[in-house]
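Dear colleague,

I am passing on the structure we talked about, and below it you will find my notes on a few of its helices. Please read them with the model open beside you.

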Amino acid sequence: MDAIPYLAFASALAALVLAGYYYKLVEAAPPGNERMVFLMEEIQKGAKAFLKAEYTWVAGFVVAMMILLGIVIDPLAPITYLLGACLSGGAGYVGMTVATKANARTTEAARTGPGPALAVAFRGGAVMGFSVAGLALLGLSAVYLVFVTWLEVDDAFNIVTAFGLGASSIALFSRVGGGIYTKAADVGADLVGKVEAGIPEDDPRNPATIADNVGDNVGDVAGMGADLFESYAGSIIAPISLVAFATAGLTAADAGQTGVVELLMFPLGIAFVGMVASIIGSFFVRGGTSTDSHALSRALHMGTNVAMGLTVLATIGMAYWMFGDDAVFAEGKPWGLAVAVVGGLAVGWALGKSAEYYTSADFSPVKNIADQAETGPATTVLGGISTGMVSVAASVVLILIGVGVAYWGGEQALGTGEAGGIPGGIYGIAVAAIGMLATTGVVVAVDAYGPIADNAGGIAEMAELDPSVRQVTDALDSLGNTTAAIAKGFAIGSAALTALALFKSFQYAIIDADPTAALNLNIGEVDVFIGLFLGAGLPFLFAALTIDAVGRAAQKMIEEVRRQFREIPGLREGLPGVVPDSARCVAISTEASLKEMVVPGALAIVVPLVTGFISTDALGGLLAGALVTGFALAIFMANAGGAWDNAKKYIEAGNHGGKGSDPHKAAVVGDTVGDPFKDTSGPAMNILLKVMTIVSLVFASAFV
């Protein structure tokens with residue numbers, strides 16, 4: 001049993017070795033001609049410059065939080081907070097680096113066919129996936145071993161939880177900052193280029209094209225990587241903190257007799273088997289010769305399906321190995337925890353399939369939006385909004401099924417918790433979140449593949465390659481939009497379960513700090529009621545701030561692109577030797593995104609802190625309100641944005657008049673509206689929920 005943290009640590013090292021192996025395979029692939037290499041290097045320089053500037057800005061916030069944690073919580077907490085922040089930022093940087101190497105190589109491979117191109121793009125994504133999962137599990141298992149197992153320090157689990165807060169801090173700023181950058185460039189490039197100038201997407205004449213391709217890497221790769229790093233780490237921390245705070249009064253001997261040690265180890269055990277399954281599953285991704293979306297989807301998802309199947313079998317074995325002694329718990333049915341974890345995995349898969357249904361051009365919701373584009377932008381926008389809203393209902397039903405199954409499974413294994421102090425049902429929900437993200441390595445690999453394919457298409461267009469190459473990259477890119485929506489479904493679903501478990505941990509932490517200060521969640525009490533409404537409104541304010549930020553940054557981008565078309569002779573006509581000033585557009589996106597990310601990012605930290613120091617009951621209401629509306633809003637925005645994007649691509653494939661037609665222009669407007677929905681506000685929403693909850697948990701003792 002004591003070997004589990006070491007096994008988790010070893011599996012994390014194996015994941016990092018695999019990431020290095022895939023990196024070498026990507027690096028060995030040919031990058032194409034001189035023009036393609038030049039474009040690749042320009043995109044890489046822009047992405048590195050942005051991340052350097054962003055991390056410099058965020059460093060000031062990290063230092064301030066370290067000082068606060070050291071004074072208010074524990075002198076050791078800043079160490080794990082900094083480790084979580086550095087590893088999260090490092091995972092994003094590694095992913096961005098390989099993605100900007102894989103883009104031109106995917107384009108070159110697309111000259112041969114979709115199979116080789118898919119293989120290169122997936123391997124690039126796999127570097128990201130296994131760096132994210134490997135660094136998260138490596139850091140977390142190391143922190144557990146050092147502070148809990150070896151040093152046995154006081155308040156060890158406060159120190160472990162600070163690791164999650166560090167990861168969440170970087171994730172929030174990376175998602176918001178990267179999302180603002182990429183969508184400002186994307187909106188500017190689309191509205192002026194495709195709608196006003198009537199030139200193709202990623203045309204070399206468009207000054208915003210390079211910035212747009214840079215944005216794919218800083219937002220959809222580095223930002224997404226930090227997001228999933230935080231989600232994965234948070235899903236493991238939630239059940240550990242729940243058990244730790246629920247049993248804070250037990251002696252070490254009592255903990256051994258009541259099975260507390262096993263409950264602390266089980267999350268790391270599931271992470272271990274999930275990591276091994278992901279490593280094996282990654283080798284099952286094989287590209288074929290067809291550009292058909294179904295064939296590409298089957299090839300790409302084979303790795304995920306294999307990893308999920310292996311995880312299910314290993315989880316059942318892990319549950320019986322760790323909890324086979326029926327005398328330890330009130331009910332003593334080990335299969336109950338296996339049901340909870342597998343239920344979470346199944347619901348994560350179902351959320352992904354739901355997202356696929358509402359965002360893929362293979363199904364009626366996206367085709368209906370394309371039909372509505374026949375009557376203009378207004379009906380296109382209305383169609384996307386309604387599709388996003390309908391998708392919320394399906395996701396809510398699925399998450400409730402997952403909560404019910406996990407709660408039941410937890411109670412079967414642990415009982416109600418009245419005797420041993422362990423809330424069996426809530427513990428079941430907490431480990432269900434790990435089930436959702438157990439295969440993070442391969443899930444992120446499939447997600448990060450999308451931006452690489454998108455960049456590959458941009459390079460094909462800017463390098464003026466044969467149209468057949470762009471046809472291959474477009475097929476890969478269209479699938480990438482769907483895989484991104486699926487990964488967001490996993491992240492948002494796990495956020496709901498993780499936030500619920502962290503919320504329960506917060507309740508126990510309040511009691512642990514002051515037994516007379518039990519959290520009151522009676523909405524008949526005015527402070528709880530006020531907190532509930534504050535929490536319900538906060539996700540809308542956060543979404544508005546981030547959408548406004550994209551709008552303001554995009555406005556500057558649009559004005560700059562128009563100025564260059566107007567003032568640079570021969571640019572719009574594409575005369576030989578006339579090139580746009582792409583560096584200016586990169587600078588506009590960088591400057592705007594760094595300024596605009598501060599207020600939304602600080603909101604998630606400051607609001608729960610201020611509320612908690614005023615009233616812990618109001619903070620409880622705030623967290624409850626934010627969890628419900630934030631989950632619904634995140635699903636709505638992610639799926640509406642994905643649906644608009646693929647409706648545009650469906651038309652560009654030759655339907656409803658194809659590129660340049662009036663329906664196409666209407667679909668571009670819909671896609672533009674959806675850009676900040678799916679790539680800025682929506683994905684950042686799940687981080688908002690967990691940041692507020694984990695801040696509340698870490699500072700619980702200070703509040704009382």
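A residue to look at first is Glu152, which lies just after helix H4 and takes a positive phi of about 50 degrees; please keep in mind throughout that this is a predicted model. Helix H4 itself covers residues 114–150, and its 37 residues reach 51 Å from the first C-alpha to the last, which is close to the 54 Å expected at 1.5 Å a residue. H4 is also mostly covered, with 30 of its 37 residues buried.

Helix H20 (residues 662–698) has 37 residues, which at 1.5 Å a residue should span 54 Å, and because its end C-alpha atoms are 54 Å apart, the model agrees with that expectation. H20 nevertheless bends by about 40 degrees at Gly674, and a proline, Pro676, follows within four residues. As for its surroundings, H20 is mostly covered, since 33 of its 37 residues are buried.

The last item concerns a pair of helices, H10 (residues 335–359) and H19 (residues 616–652), whose axes come within 8 Å and cross at roughly 40 degrees. An angle from 35 to 65 degrees counts as oblique, and H10 is therefore oblique to H19. On the H10 side the contact is made by Ala355, Tyr358 and Thr359, while H19 contributes Asn639, Gly642, Ala643 and Asn646. Sorted by class, this contact of H10 with H19 holds 3 nonpolar and 4 polar residues, and no charged ones.

With best wishes

Key. Residues numbered from 1 in each chain as written. Predicted model: local features only at pLDDT ≥ 70, side-chain atom pairs only at ≥ 80, totals over all residues. Heavy atoms only, no water. Helix = DSSP H or I, 4+ residues; strand = E, 2+ residues; numbered from the N terminus. Expected span 1.5 Å × (residues − 1). Bend = angle between axes of the 7 residues up to and from the residue. Buried < 20%, exposed > 50% of the residue type's maximum accessible area, 1.4 Å probe, protein only. Axes fitted to C-alpha atoms, helices over the stretch in contact; angles between N-to-C directions. Parallel < 35°, antiparallel > 145°, perpendicular 65-115°, else oblique. Contact = heavy atoms within 4.5 Å. Nonpolar A, V, L, I, M, F, W, Y, C, P; charged D, E, K, R; others polar.
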